[in-house]
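Student: I would like to work through this model one question at a time, with the cut-offs stated as the terms come up. Please keep the reasoning explicit in every answer.

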Amino acid sequence: MTDTVVTSTSSADMRRSREWTERFLGGGGPPIRFRYDGREMRGVPAEWHPVERRRRVDANIVEIVHEARDPATGLEVRIEAWRYLDFPVVEWTAWFTDRGGEPTPLIEDIQAIDTAFEGAAPVLYHCNGDFYSETGYEPTLTPLSGGQEVAVAPSGGRPCDQAFPYFRLLFEDAGISLAVGWPAQWAARFTGRAGGVGVVAGQELTHLRLQPGEAVRTPRITILSWTGDEARGINLWRRWYLAHVLPRPDGRPLAPVLSAAGTDDAEEFTGATEENQLRFIDRFREHGVDFDVWWIDAGWYPCADPEGHRRWVRTGTWEPDAERFPRGLAPISERVGRGGGRLLLWFEPERVTRDSALDREHPEWLLHIGGPDDQAESVVTSSRLLNLGDGACRQWLTDHVCRLIEENGIGVYRQDFNFRPLPRWRDNEGVDRQGMGENLHVQGYLRFWDDLLERNPGLWIDSCSSGGRRNDL
């Protein structure tokens, strides 16, 4: 990152953006690629008679939709793209839906982008993500002009685990920023070639047949182009992100937020009680600390092991521990609210451990790994993945969490993710369903967040994942 003064969008940037809009968003649509029934396809196949529709979303965004259906099999391809008029940015997501009455032929190697960018002396800026290391989030600059190739993918299914889905391609007098928006296992490849760089990116593995009515989607691809030096590109990305991505509570930009917490003497918040939380809140305010958020992290739920020792990692029973919080968390949120603050509460809904409520009551919603967990997951070797690709499971979780939010006065929903989902997905997918479990889970996860926000106006969502391993656009 840089402290260079923020710069404005120039006419050269927007001219470049218009050129890319015609290249990427016109004709057959953005440069997706896939194999269907053994045939390689790029964009929306012309023989399927695609239809293009454009509409103005607001003063600064134009939506461009390319849609077509295979008359023989009923597979529908729909690419939803957006062009920003105030920044040199284009982005898109593609959907594949079985509109026929039979399973589709095989759909393979779906890539959200497969294209080339022209420019002299290309250099790729990339990053190694997070992995509990002082060298995490370390940037690397790799020249590509000699035909070199850089292949990047996260480890284990979380998007920023030892990789980072944000890139910059630097040329002599211009560049692009590219983000792969996918909160799971993506992959990207950058290859130097004559006059530029080839770029391929998408979900790492897709080899599947859709059942009637089923849909899969690609990652969201976002591209910002600029002229000038790298610092200028960084600042344009920042300005676009602030204007169009960062949440604006009550219609205003996010302001600095002061959080406070009191854990007592135990692992994480397993020693938290109604009494000590109220006491800590009052003590902070007595000392003039006027906090905005009162933070309760992992361990507020029933989590005792067979010997009676509370361990925060024993997740899957999402209710306030009645022994420590006999009235729930409402008395705490009420005390916090008297000073204008809001209660933050930690969840890890996707990880379910043995003998928890979800494990006992809904084993049909849980995905098990095929073999023993690896060393990174050895703290709780019985972790199962809650299958958010199951509609009934997702709806239950939505209703359950919404009830907890309402009953306990939760103002900030904090979601964590502390284990590797990829083996759970892949060990539970058939030969012709590879990538399907992951794709449906991503759809369910994002739908879950949408529903939380819709049903709880004013709610904030805070995301973490063993540190910073799920920082998805």
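Student: What relative accessibility does Arg 414 have?

Tutor: This is a predicted model, in which local features need pLDDT of at least 70 and side-chain atom pairs count only at pLDDT 80 or more, whereas totals for chains, interfaces and linings use all residues. Residues are numbered from 1 along each chain as its sequence is written, and side-chain values use heavy atoms, with hydrogens and water left out. Buried means under 20% relative accessible area, exposed over 50%, and partly exposed in between, with a 1.4 Å probe and protein chains only. Arg 414 counts as buried because its relative accessibility is 13%.

Student: With which residue does Arg 414 form a salt bridge?

Tutor: A salt bridge here is a side-chain nitrogen of Lys or Arg within 4 Å of a carboxyl oxygen of Asp or Glu. For Arg 414 the closest N and O atoms are 3.1 Å apart, and the partner is itself buried, with a relative accessible area of 10%. That partner is Asp 297.

Student: How many residues apart in sequence are the parts that Arg 414 and Asp 297 tie together?

Tutor: Helices (H or I, at least four residues) and strands (E, at least two) are DSSP runs, numbered from the N terminus. Arg 414 lies in strand β25 (residues 410–415), while Asp 297 lies in the loop between β20 (293–296) and α4 (330–338). The pair therefore ties together parts whose separation in sequence, in residues, is 117.

Student: How many salt bridges does the structure hold?

Tutor: Some salt bridges share partners, and in this way Arg 33, Arg 35, Glu 40, Arg 42, Glu 108, Asp 109 and Asp 114 are joined into one network. The number of salt bridges in the structure is 41.

Student: In the salt bridge of Glu 63 and Arg 55, is Glu 63 buried or exposed?

Tutor: The side chains of Glu 63 and Arg 55 meet at 2.7 Å, N to O, and Arg 55 is partly exposed, with a relative accessible area of 46%. For Glu 63 the relative accessible area is 13%, so this residue is buried.

Student: Which side chains of strand β11 point to one face and are buried?

Tutor: In a regular strand the side chains alternate between the two faces of the sheet. Along β11 (residues 149–152), Glu 149 and Ala 151 point to one face and are not buried. The buried side chains, which point to the other face, are Val 150 and Val 152.

Student: Which residue of β14 is the bridge partner of Glu 149?

Tutor: Two strands pair if DSSP finds at least two bridges between them. Strand β11 and strand β14 (residues 186–193) run antiparallel and are joined by four bridges. Within β14, the bridge partner of Glu 149 is Thr 191.

Student: At what angle do helix α6 and helix α8 pack?

Tutor: Axes are lines fitted to C-alpha atoms, for helices over the stretch in contact, and angles run from 0 to 180 degrees between N-to-C directions. The axes of α6 (residues 391–408) and α8 (residues 436–455) are 10 Å apart. The packing angle between α6 and α8 is about 35 degrees.

Student: What is the order of the strands in the open sheet of five?

Tutor: The pairing in this sheet is parallel, and the edge strands, each of which pairs on one side only, are β19 (259–260) and β27 (460–463). Strands β25 and β27 pair over four bridges, and the bridge partner of Val 412 in β27 is Trp 460. The strand order is β19-β20-β21-β25-β27.

Student: What angle does the direction of α8 make with that of β25?

Tutor: Helix α8 packs on the sheet, where its contacts (heavy atoms within 4.5 Å) include β25 and β27. Its direction makes an angle with that of β25 of about 170 degrees.

Student: What relative accessible area does Asn 439 have?

Tutor: Asn 439 lies in helix α8. Not counting residues up to four places away in sequence, Asn 439 touches Trp 182, Gln 203, Val 216 and Arg 217. Asn 439 is buried, with a relative accessible area of 2%.
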